[in-house]
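Reader: I should be grateful for a close look at a single part of this structure, followed outward into its surroundings. Please treat it as one connected account.

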Amino acid sequence: MPTRTLAKPSEAGNLNLADPRTHAENDLTEVWRWMRATEPVYWHPPVGAAPGFWVATRHRDVASIYFDNKRFTSEKGNVLSTLLQGGDSAAGVMMAVTDGRRHAEIRRILLRAFSPRALSGVVENLEKTTQGLLQDIVSAGGGDFADEVAAHIPLATICDLLGVPSSDRASLLEWTKAALSAEGPDQSAADIWQARNDILGYFETLARQRRRRPGTDAVSVLASSMVNGRPLSMEEVVSNCYSLILGGDETSRLSMSSAVLAFIEHPDQWAAWKRGEVETSDAVEEILRWTTPAMHFGRTALEDVEVGGRLIRAGDIVTLWNNSANRDEEVFPDPFRFDLSRSGNKHISFGYGPHFCLGAYLGRAEIAALLTGLRSLVTEVELNGRPRWIYSNLLSGMSSLPVHLS
Ligand code: HEM
């Protein structure tokens, strides 16, 4: 079983939520519960040279801040790493860190690449890939689910969406791993910077080719679309390709491995799923709530705003903890129960409002494909070693999940 120490509420003041080790080595369930009940908008003190920041933990506060992009901007960064550094170099260019009219224009373009027609072939391939990978690991009697199955599905899917040739996909997987999360606590800033540059350089070359000969893939849509008679700049094209690969790869693959661990830890739910007692769509939503792959996003206040009884000042950083909001007792009956038949599931795993996850349909399709494959190909699943948690203050899940499968 995963060994993370259960942190006590009395330790909250000593926990550095910006430190990846805090999340990899501690179970913060009781700390979140205490914050929701007593300090729902909690002031996290500065650590070293980094500024302090607000920590919103209740579903209603998290949702209201996500929704309000007039008073809370993403343009100074939308995750702790960039917010604490004082900004994101892609602000005003990459959709996730752009607000206002430009955000809406870029989002409208990208939605074309996410239309049901554009996605039908992508989803068909996703289902085939998932079945094939599951068949292989079941035939072998098991293996590392995170590495051998989950790592391959989302990247293959986004690469289909972007029209990335199969010969380039292994390099992209390596760069993506290095750019967004770390398998250990010691990854250097230089490694991360290099991986990001490799991804950007790769997409620039691809986008130039697609601008000359566009297809129907997302790179072509970005490279050839016009806004008010003008194409997107190469910087906009490239950073938004990057945002798709980073936004959609690791989140989905972590949710898949965490789904398998959830089944191992809740045999009654595995049995219910196998017996066909649960709707796929309900099961997918509960897996998203339970696993919450993206623990937080963040904003900067543009004016003084009162939230949860605290005065947030203009310029303050506010972090929104999805993993706490997804266990909020005020919203989810029996929130600590993994219940695949839960209905009216208002989880906030894809965010909310103007920046609601653009890839939500694909993320859901990926989990559905995994569930369907597990039901048809797997009878029993059990742990065969200790899972290894990733080191990240943004994402939650495992880089290794050794399992027996039959
Ligand atoms: C935005 C989570 C899958 C692309 C977001 C946000 C969340 C999220 C919480 C909101 C960020 C914010 O408000 O600052 C997830 C989870 C996923 C997933 C948990 C899988 C289980 C995907 C996939 C793609 C994708 C598959 C693309 C192929 C994006 C993009 C945005 C976004 C482009 C920015 C949207 C905007 O700013 O308008 N995602 N995501 N995501 N996601 Fe996802």
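Author: The side chain of Asn393 reaches the backbone oxygen of Ala18 at a distance of 2.8 Å in this predicted model. Asn393 sits in the loop that links strand 14 (388-389) to strand 15 (398-400). With a relative accessible area of 12%, Asn393 falls under the 20% limit and therefore counts as buried. Apart from neighbours within four places in sequence, the residues in contact with Asn393 are Leu17, Ala18, Pro20, His23, Leu80, Met295, His296 and Trp321.

Ala18 leads from this polar contact to the nonpolar interior. Ala18 belongs to a core of 17 residues, which also includes Ala12, Trp32 and Ile317. That core is separate from the largest nonpolar core, which has 90 residues. Phe114, Phe145, Leu162, Leu172, Phe203, Ile245 and Leu401 have the most contacts inside the largest core. Helix 12 (residues 234-265) supplies the largest share of it, 15 residues. Leu172 illustrates the packing: leaving aside neighbours within four places in sequence, Leu172 is in contact with Leu155, Cys159, Val164, Ile199, Tyr202, Phe203 and Ile245.

An open sheet may be considered next. Three strands make up this sheet in the order 6-16-13, with antiparallel pairing. Strand 6 (142-144) and strand 13 (381-383) are the edge strands, each pairing on one side only. On average, neighbouring strands of the sheet are turned by 25 degrees against each other, direction ignored. Strand 13 is joined by 3 bridges to strand 16 (residues 402-405), and the two run antiparallel. Glu382 stands opposite His404 of strand 16.

The iron site involves another loop. Cys357 lies between helix 15 (322-325) and helix 16 (360-377). Its SG atom is the single protein donor to the iron atom of the ligand, 2.3 Å away. The loop between helix 15 and helix 16 also holds Asp334, a residue with a positive phi of about 50 degrees although it is not a glycine. Most residues other than glycine have a negative phi.

Asn228 likewise has a positive phi of about 50 degrees without being a glycine. Asn228 is placed in the loop between strand 7 (226-227) and strand 8 (230-231). Its relative accessible area of 68% is over the 50% limit, so Asn228 counts as exposed, whereas Asn393 is buried.

Methods: Residues are numbered from 1 along each chain as its sequence is written. This is a predicted model: local features need pLDDT of at least 70, side-chain atom pairs count only at pLDDT 80 or more; totals for chains, interfaces and linings use all residues. Side-chain values use heavy atoms; hydrogens and water are left out. Two strands pair if DSSP finds at least two bridges between them. Helices (H or I, at least four residues) and strands (E, at least two) are DSSP runs, numbered from the N terminus. Axes are lines fitted to C-alpha atoms, for helices over the stretch in contact, and angles run from 0 to 180 degrees between N-to-C directions. A nonpolar core is a set of buried Ala, Val, Leu, Ile, Met, Phe, Trp, Tyr and Cys residues joined through side-chain atoms within 4.5 Å. Buried means under 20% relative accessible area, exposed over 50%, partly exposed in between (1.4 Å probe, protein chains only). Contact means heavy atoms within 4.5 Å. Donors are N, O and S atoms within 2.8 Å of the metal (3.2 Å for Na, K and Ca); water is not among the atoms, so sites may look incomplete. A polar contact is a pair of N or O atoms within 3.5 Å; within protein, one must be able to donate a hydrogen and the other to accept it, and residues adjacent in sequence count only if both atoms are side-chain atoms.
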